[in-house]
Amino acid sequence: MNLDFDLLRPIGLTPYISQQLLMLDSSSQESFPARVTEIHRDRFILHNGKNEFSVRALPNLESMQLAVGDWVIVEAHENNVFQICNRMEPVTQITRRTQDGNRQILVSNIDTALLVMGLDNDFNLRRMERYLAIVQAAHVTPVILLTKRDLVADAPEKLEQITQRLPSQITIYAVNALEQHTTTLLAPWLTAGQTLVLLGSSGAGKSTLTNTLTLSQQETSAVRLGDNRGRHTTTSRSLHLCTNGACIIDTPGLRTWSPDADEDSLDLAFEDIASLALNCKFRNCLHMEEPGCAVRGIVDDDRLKNYQKLIREIKRGQQSALERIEERARWKALHKAGESRSKEKRERN
Ligand SMILES: Nc1nc2c(ncn2[C@@H]2O[C@H](COP(=O)(O)OP(=O)(O)O)[C@@H](O)[C@H]2O)c(=O)[nH]1
Ligand SMILES: [Mg+2]
Ligand SMILES: [Zn+2]
């Protein structure tokens, strides 16, 4: 396989990932590694470190469950035809649960999630706790960026409010997304080989931040190889190269979602509650009305309510997943019964 470390470094290659990719390559064809940057119904957009190009979504790929951010091995065939033949097991994977209880992969192989929230009307602490839950369950480092500091009068108060409410180890900055100073603040997370994802409501400042962090960077021109279908459409790219060597993946906004977590992984985002809860009188304390509760009154009341709400959601999600399995088993049994009935019939005739 053709693996050029320096070429792939700006799109997030690390020594670990290159080792995994080399181990995966079993192709006898001419092959190379690439990163998934967009997923469409009939095709994938991949980045090979130099160009973006599109490959057709063939049925054999369905089982791979490809997500943006995935690393894949691509086989080159004649006539500029490319085919994905293998996918690297993701190092991290941010997932959510949809309302019907299904698990959906948002993005793979992320080091840092920039959680972007405006200090204007967008400011909502419960929503931020949701983002934290989804990201920390995936063992991805969160960095909270409160944008529009220059536009609001009460930025210091809001910063104080969120700092008080969240565990102290979470990094929080209030910024003007248009200023280059933001790049300086984020420098520790923007080193070569790092991959970041932007999460936040529409209008929060994600595109603005992307522009600021990629400013003066000569992004590779999006010449599309492969089936050439992408050439006439001007889709906005979703993988951006930062001046400092990292890359940023822009995702479409999340509308309705629940963290794809169990209670234990939710505790990663509510570490303060989890550790205080060790001192509750009852081991299964819900921190509601129970006597001897060590959490209630200590942790921000609204934060505790949000935690309890998320726990309920997670339980509901798990339940519906279980119910789906039961449902499937029931159908299987019915199907089997039907089959053996028709077999009996056949044998009788
Ligand atoms: N003054 C100021 N404007 C901002 C800031 N962040 C975002 N904006 C503006 O808010 C609008 C929406 O930002 P955009 O990046 O498109 O949001 P996105 O939907 O998250 O990509 C744009 O007009 C930006 O110029 C900020 O920190 N300061
Ligand atoms: Mg945008
Ligand atoms: Zn308690």
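Two strands count as paired here if DSSP finds at least two bridges between them. By that rule β1 and β2 are paired: four bridges join them, and the two strands run antiparallel. I will start from that pair, walk through the sheet around it, and then go to the ligand. Keep in mind throughout that this is a predicted model.

First, the overall numbers. The protein has 349 residues, of which 48% are buried. It contains nine helices and 15 strands. The exposed surface comes to about 18600 Å², with carbon and sulfur atoms supplying 49% of it. On contacts: taking those between residues at least 6 apart in sequence, 66% join residues at least 24 apart.

Back to β1 and β2. Strand β1 covers residues 30-39, and β2 covers residues 43-47. Three residues separate the two strands, and together they form a hairpin. If you want a register mark, take V36, which stands opposite L46 in β2.

How much of β2 is buried? Five of its five residues are. Side chains in a regular strand alternate between the two faces of the sheet. In β2, R43, I45 and H47 point one way, while F44 and L46 point the other way. Both sets are buried, the arginine and the histidine included.

From β2 the chain goes on to β3, residues 52-56, and these two strands pair antiparallel over five bridges. The register mark here is R43, whose bridge partner in β3 is R56. This is again a hairpin, with four residues between the strands, and G49 has a positive phi near 95°.

Now the other partner of β1. Which strand pairs with β1 over six bridges? That is β4, and the sense is antiparallel. S31 stands opposite E75 in β4. Strand β4 runs over residues 71-76 and is mostly covered, with five of its six residues buried.

β4 also pairs with β5, residues 82-87, antiparallel and over five bridges. I73 has N86 as its bridge partner in β5. β4 and β5 make a hairpin with five residues between them, and in the turn N79 has a positive phi of about 60°.

There is a separate item on the strand side, an open sheet of three strands. Its order is β7-β6-β15, and the pairing is antiparallel. The edges are β7, residues 103-108, and β15, residues 258-259, each of which pairs on one side only. β6, residues 93-97, pairs with β15 over two bridges. In that pairing, R97 is matched with S258 of β15.

Next, ligand 1. There are 16 residues around it, and D150, A177, G203, K206 and T208 come nearest. By class, the shell has five nonpolar, eight polar and three charged residues.

Three polar contacts are worth pointing at on the screen. A polar side-chain atom of N176 lies 3.2 Å from a nitrogen atom of the ligand. A polar backbone atom of G205 is 3.0 Å from a ligand oxygen atom. And a backbone N or O atom of K206 sits 2.8 Å from an oxygen atom of ligand 1. As for cover, ligand 1 taken alone exposes 580 Å², and the protein buries 70% of that.

Which element gives the largest share of the shell? Helix α6, residues 206-214, with three residues. The buried residues of α6 are K206, L209, T210, T212, L213 and T214. So K206 appears twice in this talk: among the residues nearest the ligand, and among the buried residues of α6. What covers the buried residues of α6 includes one helix, α5 (181-186), and the strands β8 (112-118), β9 (141-147), β11 (195-199), β13 (239-241) and β14 (247-250).Last, two loop residues on either side of β9. H139 is in the loop between α3 (125-136) and β9. Its phi is near 55°, a positive value in a residue other than glycine. Is H139 buried or exposed? Exposed, because its relative accessibility is 63% and the cut-off is over 50%. K148 is in the loop between β9 and α4 (155-165). The phi of K148 is also positive, near 65°, and this residue is not a glycine either.

Notes: Residues are numbered from 1 along each chain as its sequence is written. Chains are lettered from A and ligands numbered from 1 in the order in which they are written. This is a predicted model: local features need pLDDT of at least 70, side-chain atom pairs count only at pLDDT 80 or more; totals for chains, interfaces and linings use all residues. Side-chain values use heavy atoms; hydrogens and water are left out. Buried means under 20% relative accessible area, exposed over 50%, partly exposed in between (1.4 Å probe, protein chains only). A residue is near a molecule or strand if one of its heavy atoms lies within 4 Å of it. A polar contact is a pair of N or O atoms within 3.5 Å; within protein, one must be able to donate a hydrogen and the other to accept it, and residues adjacent in sequence count only if both atoms are side-chain atoms. Accessible areas come from the Shrake-Rupley method with a 1.4 Å probe; for residues, only the protein chains shown count as cover. Ala, Val, Leu, Ile, Met, Phe, Trp, Tyr, Cys and Pro count as nonpolar, Asp, Glu, Lys and Arg as charged, and the others, Gly among them, as polar. Contact means heavy atoms within 4.5 Å.
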